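Visitor: I am new to this structure and would like a close look at a single part, the nonpolar core. Please describe that part and then place it in the rest of the chain.

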Amino acid sequence: MTASDPRPSGHAEGTQPEEADRLRALLRSPGYLKALVFCALMGIPVSLVAFWFLVALHELEHLMWSGLPEALGWDAPPWWWPLPLLLVAGAAVGLVVTHLPGAGGHIPAGGLHTGGVSAKALPSVILAAMISLPLGATLGPEAPLIALGGGLALLFRDLTRAPATAQSTALLGAAGAAAAVAVIFGSPLIAGVLLIEVAGVGGPQLFAVMLPALLSSGVGSLVFTGFGRWTGLDAPSLSVKLGVPVPHLDAGDVLWAVPMAVAIGALLHLIMRGGRLTARFVAKRTVTRTTLCALAAGVCSAVYALITGLSPADVSSSGQGTLSRMAADPHAWGVGALIAVVLCTSAAYTLCLGSLRGGPVFPSLFLGCAIGVLLAPLPGLGVVPGMAAGMAAATTSALRLPVSSIVLVVVVLGSVAMTPVVMLAAVVSFVTTQLLPPGPAVPPVGKSAEPAATPAVAPGASGTA
């Protein structure tokens, strides 16, 4: 800024004290302090309900995919097992969407939303998730959890007869959603960052400032750590050393992360776009077409089981369990099995995104991990960096939330060693996704459903998530 134009500098000097005074006034206001106390107290019952909701989902899934096949004499589900389960799931979810208030919650292809559903709509959200996820939907539980937490927060507000304003509704909905979603991710940090980014605080300007900062910090970290290893010199930095060996990033890991992020970002963009097309297809004749799409997702799982001889549950699930097994022993997966699971999961994920009810996070993480393991034999690319870059690129493209995706992948990996590659892949994937045509919008979920507060995309970025 030149001396001849001092206005921006003076404007900034005048704005900062005003903003600070405004923040202090807000923190001192009785209404806001009451809201903080209410949110703290509300987090206890919301997290307890979310815990038992997840326990019920887990027990039902175990019953359907382990207990029942064993009771019928099979050690593992036969290849055709997903077909009747998803046939029932599609018909039942179609009826819930058509006849119950709230239409089972928002369509997964629309991303994540912070808007809490009404108390009247809450049963349909829970019921649709309880049908979809244990019976084999290729979706995760995070979106129903967010809706559950936000809806319970608004229900508690109504029971206590607290004032209902637009600001309090948004604040309590986000707080309740954060309390619920922290249960599934196992970290309040992920929940906090995710809900901040989903809410779109700062609008497109936040993304415009954030992307260069993420990219430069990731590249700076690569240069800093790499230069130290190359020269044998050490520059002090704030860090702690883990007691387990972690891989070092090499030049090949960094170079491969860029084209991987472009390709995976484009693939997940096509999957999400296909999910929105599926949702528009289903909206015209909901019960019949939801049943057909769910059955087609079951066919994808059956084909995978027939080709590989592995369990169809690898495809007909959120991917959480399969992701854990793959990360624990990636070399146990052959090339054919990896190709089959990527193709079949992509197809089933596309169909379930537009027809059943659940969340988009877990399947995108699994797909990114599987593609990373599949590409790991490339010269100069390691298995762990490939997994890290793949998960970051896939999750960022599916959610359009780069910061949340970076935090999520780093926490899932349990190490900060891959953070530079994760950041690089997330930024490249986000830019790739935003430059591609957005595709059709997600149709409304029903007349009785409340409109979603904010889609999982920066306002003005692309218009869809």
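Guide: The largest nonpolar core has 114 residues, and Phe185 and Tyr349 are the ones with the most contacts inside it. Helix α12, which covers residues 335-355, gives the most to this core, with 11 residues. In soluble globular proteins, nonpolar side chains tend to be buried together. All of this is read from a predicted model.

Tyrosine 349 can be followed outward through its contacts. With residues up to four places away in sequence left out, tyrosine 349 touches Thr138 and Leu139, then Leu268, Ile271 and Met272. Its other contacts on that count are Pro360, Pro363, Ser364, Leu367 and Ala398.

The chain around the core is built with 16 helices and 0 strands. Of its 465 residues, 49% are buried. Among contacts between residues at least 6 apart in sequence, 79% join residues at least 24 apart.

A buried position can also belong to a residue such as serine. Serine 405 lies in helix α15, residues 402-413. Serine 405 counts as buried because its relative accessible area is 0%, and the cut-off for buried is under 20%. Apart from neighbours within four places in sequence, serine 405 is in contact with Ala392, Thr395 and Thr396.

The surface gives another view of nonpolar residues. The accessible surface of the chain comes to about 20900 Å², and 70% of it belongs to carbon and sulfur atoms. On that surface, Leu68, Leu72, Trp74, Trp79, Trp80 and Leu306 form a nonpolar patch, with about 580 Å² of accessible area together. One of these patch residues, leucine 68, lies in helix α2, which covers residues 30-71. Leucine 68 counts as partly exposed because its relative accessibility is 34%, and partly exposed lies between the cut-offs of 20% and 50%.

Last comes the confidence of the prediction. The average pLDDT of the chain is 80, and 75% of the residues score at least 70. Over residues 1-14, pLDDT stays under 50, and the model has 1 contact beyond four places in sequence for them. Residues 233-245 also have pLDDT under 50 throughout, and there the model has 5 contacts beyond four places in sequence. Where pLDDT is low, the predicted coordinates should not be read in detail.

Key: Residues numbered from 1 in each chain as written. Heavy atoms only, no water. Patch = residues over 30% accessible without salt bridge, like charges linked within 9 Å, V, L, I, M, F, W, Y side chains within 5 Å. Areas by Shrake-Rupley, 256 points an atom, 1.4 Å probe, with all protein chains shown as cover. Salt bridge = Lys/Arg side-chain N within 4 Å of Asp/Glu carboxyl O. Helix = DSSP H or I, 4+ residues; strand = E, 2+ residues; numbered from the N terminus. Buried < 20%, exposed > 50% of the residue type's maximum accessible area, 1.4 Å probe, protein only. Core = buried A, V, L, I, M, F, W, Y, C linked by side-chain atoms within 4.5 Å. Contact = heavy atoms within 4.5 Å. pLDDT = per-residue confidence, 0-100.
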